[in-house]
Amino acid sequence: MRSLGFLFCLSVLCLGISACESSQNSPQYTEEDLAELISFGSVGRGLQASLDTTVTAVITDSTTWMSYSDSLQPIVSFTSVNFELETLLLAAVKVNSGGYDLRFELVESLRDTLVATYRLFSPGDDCRPSYAVGIPFEVIRIPQRPDPIRFVQIDEAVDCTSS
C-alpha cells in the first residue's frame, strides 16, 4: 500500500515537471506580437505620373506633397490633407503596358514597424494590352505615427476573359 502511494506521488511529480518543461518550450506571445490594423483612406489614385521610376514614399509635409502631387495625374482631384494629424503613403509602379492598376489593401502595425501592403494588378496572359509606359499609383492617408514604414507589393494577374 505504501509503495502505491509512493508511485502515485512520483507520477504526479513527473507530470508536473513535464508540464513545466513544455510550457517553457512553447512560444510565449505578447500583445506586441499581434498585428494592429491601422485605418487609412485614399487621397487619390491614377494610371499616369511624371516619374522616372517606381516610387514608394512616406510624405509628412506639404512641401514634399506638392512636389509629388505635381507629378501625379489623379483620376479625380486629390482630397485635402492635414499634415498636423496625417501622413501620406505613396506607391507608384512604372509598367510597360496598359491594363495595370494599383490599390493599397492593408496597413498594419507589427511591433515597432508599420507595414503598408498594396496590390499591383497586371493584365493576364489572355489580355491584349496597349504597349505604352504607364505608372499606376495610389496615395493614402494614415494617422501620424513615429514608426518606420515598410512597403510590401503583391502582384496579381487578372484575366480579361472569364473562364
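This note goes through the strands, a buried leucine, the aromatic rings and the salt bridges of a predicted model.

1. The open sheet. Four strands make up an open sheet, and their order across it is β1-β6-β7-β9. The pairing in this sheet is mixed. At the edges stand β1 (36-37) and β9 (149-158), each of which pairs on one side only.

2. From β1 to β6. Strand β1 pairs with strand β6 (residues 101-110) in the antiparallel sense, over two bridges. Which residue of β6 is the bridge partner of Leu37? The partner is Glu108.

3. From β6 to β7. These two strands also run antiparallel, and nine bridges join them. One bridge to look for in the model pairs Leu102 with Leu120 in β7. The two strands form a hairpin with two residues between them. Arg111 sits in the turn of this hairpin and has a positive phi of about 55°.

4. From β7 to β9. Here the direction is parallel: 10 bridges join β7 (residues 113-123) to β9. Arg119 has Ile154 in β9 as its bridge partner. Arg119 comes up again under point 9.

5. Pairing around β2. Strand β2 (residues 41-49) runs antiparallel to strand β8 (residues 137-143), with five bridges between them. Within this pairing, Ser42 has Ile140 in β8 as its bridge partner. Strand β2 is also joined to strand β4 (residues 72-74), again antiparallel, by three bridges. On that side, Gly46 stands opposite Pro74 in β4.

6. A buried leucine. Is Leu90, in strand β5 (residues 86-92), buried or exposed? Leu90 counts as buried because its relative accessibility is 0%, and the cut-off for buried is under 20%. Leaving aside residues up to four places away in sequence, Leu90 touches Val55, Thr56, Ala57, Ile59, Tyr68, Leu72, Phe104, Phe137, Glu138, Val139 and Phe151. For one of these, Val55, the C-alpha atom is 7.4 Å from that of Leu90, although the two residues are 35 residues apart along the chain.

7. Aromatic rings. The count of aromatic pairs comes to four. Ring pairs link Trp65, Phe78 and Phe137 into a cluster. Phe137 is also among the residues that Leu90 touches, and can therefore serve as a landmark when moving between the two sites in the viewer.

8. Salt bridge between β6 and β2. The model has seven salt bridges by count. In one of them, Asp101 and Arg45 have their closest N and O atoms 2.4 Å apart. Asp101 is in strand β6 and Arg45 is in strand β2, so this pair links distant parts of the chain, 56 residues apart. Arg45 has a relative accessible area of 19% and is therefore buried; the cut-off is under 20%.

9. Salt bridge between β9 and β7. Glu156 forms a salt bridge with Arg119, and the closest N and O atoms are 2.9 Å apart. Because Glu156 lies in strand β9 and Arg119 in strand β7, the pair ties together parts that are 37 residues apart in sequence. The partners differ in accessibility: Glu156 is partly exposed at 31%, whereas Arg119 is buried at 17%.

10. Salt bridge to the edge strand β1. The side chains of Arg145 and Glu36 meet in a salt bridge, at 3.8 Å from N to O. Why does this pair tie together parts that are 109 residues apart in sequence? The reason is that Arg145 lies in the loop between β8 and β9, while Glu36 lies in strand β1. Both ends count as partly exposed, Arg145 with a relative accessibility of 30% and Glu36 with 41%. Salt bridges that share partners join Glu36, Arg145 and Asp147 into one network.

Terms used: Residues numbered from 1 in each chain as written. Predicted model: local features only at pLDDT ≥ 70, side-chain atom pairs only at ≥ 80, totals over all residues. Heavy atoms only, no water. Pairing = 2+ DSSP bridges. Buried < 20%, exposed > 50% of the residue type's maximum accessible area, 1.4 Å probe, protein only. Contact = heavy atoms within 4.5 Å. Phe/Tyr/Trp six-rings, centres within 6.5 Å; stacked < 30°, edge-to-face > 60°. Salt bridge = Lys/Arg side-chain N within 4 Å of Asp/Glu carboxyl O.
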